[in-house]
Protein chains: 2
Amino acid sequence: MATIKDVAARAGVGLGTASRVLSGSAQTSPSSRERVLAAAAELGYVAHGPARSLRRARTDALGLLVSDIRNPFFSELAHAAEQEARAHGYALLLANANEDADQADDALRTFASQRIDGLLLSPQGPATPQLASLLARAVPIVLLNRRIEGVDLPFYGTDNEQGVGLVLDWLQERGHRDVAYVGGPQTMSTGAERARAYLGGRAAHGIATDDALVDAGDFTTDGAAAAMLRILDRGVRPTAVFGANGATTVGALRALRERLGADAGGVEVVSFDDFDWFAYASPAITAVRNDAAAIGVGAVQGLLALLRGEDATSQRIATELVDRAARS
Amino acid sequence: MATIKDVAARAGVGLGTASRVLSGSAQTSPSSRERVLAAAAELGYVAHGPARSLRRARTDALGLLVSDIRNPFFSELAHAAEQEARAHGYALLLANANEDADQADDALRTFASQRIDGLLLSPQGPATPQLASLLARAVPIVLLNRRIEGVDLPFYGTDNEQGVGLVLDWLQERGHRDVAYVGGPQTMSTGAERARAYLGGRAAHGIATDDALVDAGDFTTDGAAAAMLRILDRGVRPTAVFGANGATTVGALRALRERLGADAGGVEVVSFDDFDWFAYASPAITAVRNDAAAIGVGAVQGLLALLRGEDATSQRIATELVDRAARS
């Protein structure tokens with residue numbers, strides 16, 4: 001565990017300066033503040049003991065920063081987290097990062113000034129100064145669904161490897177060889193973990209390892225539709241398409257319908273993330289049910305453990321496959 | 001405009017007591033607090049002048065209380081409101097009422113203690129003590145999509161009558177006579193206004209006025225599915241179904257598919273509220289596009305006007321019909 005001396009040394013400042021920055025004092029220069037907070041983030045420094053007593057009085061409010069409130073995965077997670085928080089006497093305040101690191105940092109700043117007892121955070125990428133500052137001030141934090149490189153916090157998320165395994169088994173059982181994969185950003189742990197599991201498992205499941213069948217968007221509908229069109233433009237003709245999250249599947253579906261008609265030319269579609277309406281889609285969509293509610297509930301329980309001064313245990317939530325393929 | 005004397009008289013307390021309650025003093029009994037706040041809500045009392053100076057320092061945060069964060073209408077509205085607030089230097093903190101008046105009141109209490117500059121509120125029903133208290137403390141508030149009986153606040157919502165008119169015209173153009181209507185709660189202005197416009201306009205559009213074709217849920221998928229099944233159980237056989245909001249349409253669709261098969265027995269479906277995925281549904285769903293983003297942006301602009309000390313102008317946002325009916 002890093003000490004404040006380690007932080008001062010890494011930042012190249014004196015112990016007094018590091019101490020002032022980490023206690024939130026305004027008597028520090030912007031440049032030393034930046035260096036100290038970056039060093040604290042890199043070292044995973046968390047203030048303990050006396051510093052913890054600087055924490056403000058209990059407010060009975062928790063903060064939840066989601067990546068994209070329009071993504072049903074996060075609105076479902078927010079709803080479940082709020083019900084769990086409420087059952088324990090806490091209000092839940094939400095903010096939306098809109099998949100944007102600057103907006104995420106602004107939201108963290110607002111939460112810091114709004115006196116919350118703890119934070120549930122779905123990260124947009126690497127650690128930011130605002131996050132480092134919250135960590136250094138010992139605000140209890142748990143992570144949702146995405147990890148942050150170099151930051152060791154309790155984590156509540158989907159078991160991506162297990163979920164992709166279900167999809168690979170399904171593709172094999174259905175006899176698919178030419179499968180298109182529309183992935184997400186490699187900079188997000190969800191995008192990277194799902195791609196690794198899928199690409200690494202193809203050969204063992206009888207699926208072609210042709211790179212022309214693989215492309216990636218940015219986990220939005222528009223980005224995924226463009227990626228799907230790039231795949232089709234290469235002249236390959238997949239018999240199935242795997243979308244790496246819900247929005248990605250919707251974008252791939254849109255592109256398939258535009259190019260191949262309302263039945264997507266008979267291409268079977270499988271998704272990581274299940275949306276309620278997939279049962280009513282044409283063509284039907286088979287999906288890995290990513291249990292947003294269980295993640296939200298587990299994360300709140302973990303945060304409450306931290307607030308009681310106990311340890312929180314990270315959880316990887318297992319998924320289920322909802323098979324909607326037509327059987328003859 | 002009601003004065004503090006009117007409030008005291010209505011509440012049956014002295015002027016000093018009314019003044020203490022409305023300035024948020026703790027030196028009042030619970031019973032007089034309740035009576036004064038109820039009277040203030042009934043009279044639409046808003047503190048002015050000196051009372052306004054009791055307002056706390058600017059926090060650069062706005063609060064948004066939505067009815068149901070899992071409803072895409074509200075998550076789209078929240079996203080648009082947040083972008084607009086951000087463009088004007090304000091953070092937006094969300095809370096979810098979960099279509100529940102008690103949860104709404106808890107959220108208002110949290111917002112009151114969290115120091116927000118103003119509030120965007122989607123009401124769950126009649127005025128509550130917490131709302132009356134915020135009003136009496138002159139916290140600027142605008143209403144989203146639903147009105148509150150007896151409370152005169154700037155309002156930003158859908159033009160329900162105009163939207164239902166588009167549906168009636170479409171039903172007539174398609175030659176439908178036996179149309180099922182699955183409505184929402186009469187206690188919500190949206191439910192009441194849409195039902196009034198539809199039921200009142202049927203005859204003039206050649207639609208049967210048979211009451212067996214009409215039922216209502218609670219604006220949730222499950223409630224609407226039950227209502228749709230009740231209609232079918234009466235032995236009527238509609239050629240089209242109109243759902244009074246997005247979740248209601250999804251519930252009606254589910255019930256139709258369960259009873260009549262994946263093509264809903266050829267019944268055409270039309271919805272108040274358009275969800276992105278309706279384009280990919282089977283059967284296709286025609287829908288009134290309820291412009292959640294325009295409502296969110298207009299409401300933030302209205303709230304910012306109030307914060308500048310200007311008047312805010314209520315807006316009824318017109319809808320468009322997205323026709324997805326199959327043409328032969």
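This is a guided tour of a predicted model, going from the pairing of chains A and B to their interface and then to features within each chain.

Begin by colouring the two chains separately and superposing one on the other. Chain B is brought onto chain A by a rotation of 180° with 0.1 Å of shift along its axis, and the RMSD is 0.1 Å. That is the relation of a two-fold axis. The copies meet through the same surface, because 100% of the interface residues of chain B are also interface residues in chain A.

Next, select the residues on either side of this interface, where 33 residues of chain B are in contact with 33 residues of chain A. Between them the two chains bury about 3,000 Å², and 52% of that area is on carbon and sulfur atoms. To see which residues supply much of it, show Arg70(B), Gln114(B) and Tyr280(B) as sticks: they supply 24% of the area that chain B buries against chain A, more than any other three residues.

With the interface still selected, turn to its polar features. There are 17 residue pairs in polar contact between chain B and chain A, counting pairs with both residues at pLDDT 80 or more. On the side of chain B that touches chain A, the elements giving two or more residues are helix H4 (72-87), strand E2 (91-96), helix H5 (101-113) and helix H10 (246-260) of chain B. The residues of that side divide into 14 nonpolar, 10 polar and nine charged. Four salt bridges are found across the interface of chain B and chain A; for a salt bridge to centre on, choose Asp106(B) and Arg86(A), whose closest N and O atoms are 2.5 Å apart.

Now leave the interface and display chain A alone, coloured by its domain assignment, which gives domain 1 (1-54) and domain 2 (160-291). The C-alpha centres of domain 1 and domain 2 of chain A lie 45 Å apart.

Finally, inspect the backbone, bearing in mind that most residues other than glycine have a negative phi, and most peptide bonds are trans. In chain A, select Ser282(A) and Pro283(A), which are joined by a cis peptide bond with omega of about -5°; Pro283(A) is found in the loop between strand E9 (268-272) and strand E10 (285-289) of chain A. The loop between E9 and E10 of chain A also holds Asp273(A), which has a positive phi of about 105° although it is not a glycine. In chain B, a cis peptide bond joins Ser282(B) and Pro283(B), with omega of about -5°, and Pro283(B) is found in the loop between strand E9 (268-272) and strand E10 (285-289) of chain B.

Note on methods:
Residues numbered from 1 in each chain as written. Chains lettered and ligands numbered in written order. Predicted model: local features only at pLDDT ≥ 70, side-chain atom pairs only at ≥ 80, totals over all residues. Heavy atoms only, no water. Contact = heavy atoms within 4.5 Å. Buried area = accessible area lost by both parts, 1.4 Å probe. Salt bridge = Lys/Arg side-chain N within 4 Å of Asp/Glu carboxyl O. Polar contact = N/O pair within 3.5 Å; in protein donor to acceptor, adjacent residues only side chain to side chain. Helix = DSSP H or I, 4+ residues; strand = E, 2+ residues; numbered from the N terminus. Nonpolar A, V, L, I, M, F, W, Y, C, P; charged D, E, K, R; others polar. Least-squares fit on C-alpha atoms with pLDDT ≥ 70 in both. Domains from an automatic or database assignment.
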